[in-house]
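Morning, everyone. Please pull up the structure on your screens, and let's walk through it together.

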Amino acid sequence: MEERFTYYSPIGPLCIETKDDQISSVLFCDKEYTTDHFNPDLQKMITEQLDDYFAGTRFEFELPLHPSGTDFQQKVWQELEHIPYGHLTSYSELSLILGDKNLVRAVGGANSKNPIAIIIPCHRVIGANNKLVGYAGGLWRKKWLLQHELSNKPDPETLW
């Protein structure tokens with residue numbers, strides 16, 4: 001059964017959807033979802049972990065995820081989960097990890113279709129020229145998230 005609720009983050013509301021007690025979508029949104037039938041334990045777990053992330057005290061999420069996508073998209077999203085908090089990678093680096101340097105555009109396309117913002121950290125992927133490019137939530141949010149992670153990272157360094 002699909003359930004939805006709205007989480008109010010410092011950079012705007014996140015509409016969170018679950019199916020069978022697994023997160024299927026976390027997207028920036030303008031609408032508000034009601035929480036009438038949401039699993040209260042799951043909502044509490046999601047809310048606490050996002051609160052901790054935005055407080056700068058959580059560096060990894062431990063949540064049940066079930067994003068819907070093609071096999072290739074799933075592979076890209078799995079690789080995104082391996083990018084450590086406060087670190088960056090490029091689309092070309094991801095394509096090499098996936099075994100083919102010519103997959104850069106396909107990796108970019110899969111990254112842009114990530115249905116679980118922040119938790120699957122697509123914001124940690126930048127252009128090969130170290131430019132902030134492409135973020136469905138807006139580049140200002142991507143920059144905010146990266147600056148947030150840098151300022152709370154246990155071993156600070158320059159991001160870009």
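**Strands first, then a cysteine**

Start with one pair: Glu2 has Lys19, in strand 2, as its bridge partner. Keep in mind that this is a predicted model.

Now widen the view. Strand 1 covers residues 2-9, and its pairing with strand 2 is antiparallel, over 8 bridges. How many residues does the hairpin from strand 1 to strand 2 run through? Just 2 residues.

Strand 2 has another partner. Strand 3, residues 22-28, pairs with strand 2 over 6 bridges, again antiparallel. Look at Thr18: opposite Thr18 stands Ile23 of strand 3. The hairpin of strand 2 and strand 3 has 2 residues between the strands, and there Asp20 takes a positive phi near 55°.

Is strand 2 mostly covered or mostly open? Mostly covered: of the 8 residues in strand 2, 6 are buried.

Next, Cys122. UniProt, in an unreviewed entry, places the feature "active site" at Cys122. Find Cys122 in the loop between helix 4 and strand 5. Why do we call Cys122 buried? Because its relative accessibility is 6%, and the cut-off for buried is under 20%.

What does Cys122 touch, beyond its neighbours within four places in sequence? Leu80, Asn111, Asn114, Tyr135 and Lys142.

Let's follow one of those, Asn111. Asn111 sits in helix 4, residues 104-112. Asn111 is buried too, because its relative accessibility is 5%. With neighbours within four places in sequence set aside, the contacts of Asn111 are Val76, Leu80, Tyr91, Cys122 and Val125. Leu80 is on the contact list of Asn111 and on the contact list of Cys122.

How values were computed
Residues numbered from 1 in each chain as written. Predicted model: local features only at pLDDT ≥ 70, side-chain atom pairs only at ≥ 80, totals over all residues. Heavy atoms only, no water. Helix = DSSP H or I, 4+ residues; strand = E, 2+ residues; numbered from the N terminus. Buried < 20%, exposed > 50% of the residue type's maximum accessible area, 1.4 Å probe, protein only. Contact = heavy atoms within 4.5 Å. UniProt positions renumbered as here; feature names shortened; annotations may be inferred. Pairing = 2+ DSSP bridges.
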